[in-house]
Number of protein chains: 2
Amino acid sequence: MQNANVSDKTIGRLSTYRRLLLYRFGTAGQSHIYSYQIAGLAGVTAAQVRRDLMVVGYSGSPNKGYRVEDLVGSIGEFLDRPEGQNVGLIGIGNLGRAILTYFSGRRPKLTIVAAFDSAPDKINRTIHGCRCYAVEEFPAVAARENITVGIITTPADAAQRVAETLVECGVRGILNFAPVALKLPPGVHCEDIDMTMALEKVAYFARKLARD
Amino acid sequence: MQNANVSDKTIGRLSTYRRLLLYRFGTAGQSHIYSYQIAGLAGVTAAQVRRDLMVVGYSGSPNKGYRVEDLVGSIGEFLDRPEGQNVGLIGIGNLGRAILTYFSGRRPKLTIVAAFDSAPDKINRTIHGCRCYAVEEFPAVAARENITVGIITTPADAAQRVAETLVECGVRGILNFAPVALKLPPGVHCEDIDMTMALEKVAYFARKLARD
DNA sequence: TAGATTGTTAATCGATTAACAATC
DNA sequence: TAGATTGTTAATCGATTAACAATC
């Protein structure tokens with residue numbers, strides 16, 4: 001298999017490039033784009049962009065750059081599963097609901113097909129087109145809806161237990177908003193988004209920069 | 001000035017350690033803790049923890065480890081401004097509202113004191129104890145409330161303009177949820193949280209791991 | 001062709017890891 | 001003391017950057 005281990009950061013940047021191209025393509029509509037133009041939009045170096053794009057196997061043309069349409073297609077072939085992937089969200093609090101709204105229709109190949117919570121008053125409803133279930137129903141729903149990706153927006157103390165359920169049901173990718181380090185077996189990829197940590201970091205550097 | 005340039009990642013981990021200690025301290029209540037115990041909770045190595053803690057200038061004791069209470073205090077002295085810092089949020093959409101709720105009362109030294117939007121129907125209200133203003137009022141409110149940190153939850157096309165306003169008003173730290181690379185002058189720290197990118201990354205690796 | 005770009009290799013940089021000395 | 005831990009230095013690792021050859 002080619003490109004057996006591509007850097008986590010490279011995948012992230014490819015996702016960013018594609019979105020910028022889609023946005024740019026819709027408005028400006030230029031047919032070709034240079035690495036330095038993508039770099040300017042994404043806030044990275046042109047060499048970085050070229051190196052990342054080599055990973056997807058799409059070659060640019062010297063002095064003409066990259067064809068926008070083909071490039072978007074190639075990144076899509078590389079990043080997406082053609083038939084799409086279904087996502088389950090666990091934890092229907094304020095953050096969970098915001099994320100349901102945020103991702104609704106944003107990426108055609110990634111759909112949040114079901115949401116789960118342990119509180120009885122939150123289940124058997126529909127939020128932004130997404131059906132809500134009890135956590136106990138996850139195995140059945142995951143199998144029926146073919147859920148391969150999970151988003152955890154539960155409180156910290158419930159996250160580990162939820163993660164274990166997800167893994168047991170065949171989920172290999174987890175986006176974790178709970179502020180705990182999940183203990184997961186090998187073969188499961190977890191991406192953590194810790195908003196409290198991010199805000200404290202920003203506050204620290206703001207304070208430090210203000211002193212100078 | 002000692003420790004002139006501490007790694008961005010170190011600051012983030014220190015924030016994580018503190019929260020874990022506060023959580024742990026409240027429930028378990030042990031007076032001392034070893035580096036490997038913190039490491040286990042945070043998902044890093046013990047050597048990493050020791051190196052990070054040296055940055056805050058708090059020394060542990062061989063064979064006894066770190067005093068939990070003193071350690072939390074030392075990290076606080078290092079990370080926080082004693083009188084606290086005020087935060088402004090711009091963009092009162094679903095994500096903005098979720099973040100207002102999420103940070104409400106979570107960190108005593110960091111308070112979101114005002115929210116801003118351009119839509120008339122969203123201003124002059126109070127959401128979770130936070131007053132909402134028109135974006136044009138930002139300079140006046142920021143000066144009055146001493147806002148030094150900004151959270152951007154606007155759509156992508158408004159983010160750069162908003163960021164420039166923040167910087168003009170003396171904000172030195174920005175937490176950016178909009179999926180664009182903000183062009184900022186030196187002396188301003190920006191932390192990006194790109195949820196779409198994170199989900200696409202997770203989906204990619206889930207797909208890749210499922211193939212193996 | 002000349003010029004500007006792309007693809008590729010070597011050098012640099014920074015953070016992490018591992019090994020060791022110091023300490024209670 | 002012996003043992004287990006902490007603080008410190010050197011080695012490793014990986015990603016990024018810079019330099020260069022290839023190409024339209």
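In this predicted model, let us start at DNA strand C, which is surrounded by 19 residues. The closest of them are Ser35(A), Met54(A), Gly60(A) and Tyr66(A) from chain A, along with Pro62(B) from chain B. If you select the atoms of DNA strand C within 4 Å of the protein, you will find that 71% belong to sugar or phosphate, while the rest belong to bases.

Some individual atom pairs are worth displaying here. In the side chain of Ser35(A), an N or O atom sits 2.7 Å from a phosphate oxygen of DNA strand C. Chain B takes part too: an N or O atom in the side chain of Arg13(B) is 3.1 Å from a phosphate oxygen of this strand. For a contact to a base, turn to Asn63(A), where a polar side-chain atom lies 3.2 Å from a base nitrogen of DNA strand C.

Which helices each supply at least two residues of the surface near DNA strand C? From chain A they are helix H2 (35–42) and helix H3 (46–56), and from chain B they are helix H1 (8–27) and helix H3 (46–56). By residue class, the surface near DNA strand C divides into six nonpolar, nine polar and four charged residues.

Now move over to DNA strand D. Here 19 residues surround the strand, and the closest are Pro62(A) from chain A and Ser35(B), Met54(B), Gly60(B) and Tyr66(B) from chain B. Of the atoms of DNA strand D within 4 Å of the protein, sugar or phosphate accounts for 72%, and bases for the rest. A backbone N or O atom of Gly60(B) is 2.8 Å from a phosphate oxygen of DNA strand D, and the side chain of Arg13(A) places an N or O atom 3.1 Å from a phosphate oxygen of the strand. A base nitrogen of DNA strand D lies 3.3 Å from a polar side-chain atom of Asn63(B).

The surface near DNA strand D draws at least two residues from each of helix H1 (8–27) and H3 of chain A, and from each of helix H2 (35–42) and H3 of chain B. Its residues comprise six nonpolar, nine polar and four charged.

Next, step back to chain A as a whole. Its secondary structure comes to eight helices and nine strands, and the C-alpha trace spans about 60 × 50 × 35 Å along its principal axes. Of the 212 residues in chain A, 52% are buried. Looking at contacts between residues at least 6 apart in sequence, 55% join residues at least 24 apart. The accessible surface of chain A is about 9,800 Å², with 51% of that belonging to carbon and sulfur atoms.

How do the two protein chains meet? The contact takes 70 residues from chain A and 71 residues from chain B. About 6,200 Å² is buried between them, and carbon and sulfur atoms give 66% of this area. On the chain A side, Leu199(A), Glu200(A) and Arg207(A) lose the most area to chain B, together 11% of what that side buries.

Finally, zoom in on Thr16(B), which lies in helix H1 of chain B. Is this residue buried or exposed? Thr16(B) has a relative accessible area of 16%, so it counts as buried, the cut-off being under 20%. Leaving aside neighbours within four places in sequence, Thr16(B) is in contact with Asp194(A) and Met197(A) of chain A, and with Ala42(B) of its own chain.

Note on methods. Residues are numbered from 1 along each chain as its sequence is written. Chains are lettered from A and ligands numbered from 1 in the order in which they are written. This is a predicted model: local features need pLDDT of at least 70, side-chain atom pairs count only at pLDDT 80 or more; totals for chains, interfaces and linings use all residues. Side-chain values use heavy atoms; hydrogens and water are left out. A residue is near a molecule or strand if one of its heavy atoms lies within 4 Å of it. A polar contact is a pair of N or O atoms within 3.5 Å; within protein, one must be able to donate a hydrogen and the other to accept it, and residues adjacent in sequence count only if both atoms are side-chain atoms. Helices (H or I, at least four residues) and strands (E, at least two) are DSSP runs, numbered from the N terminus. Ala, Val, Leu, Ile, Met, Phe, Trp, Tyr, Cys and Pro count as nonpolar, Asp, Glu, Lys and Arg as charged, and the others, Gly among them, as polar. Buried means under 20% relative accessible area, exposed over 50%, partly exposed in between (1.4 Å probe, protein chains only). Contact means heavy atoms within 4.5 Å. Accessible areas come from the Shrake-Rupley method with a 1.4 Å probe; for residues, only the protein chains shown count as cover. Buried area is the accessible area (1.4 Å probe) that two parts lose on being put together, summed over both.
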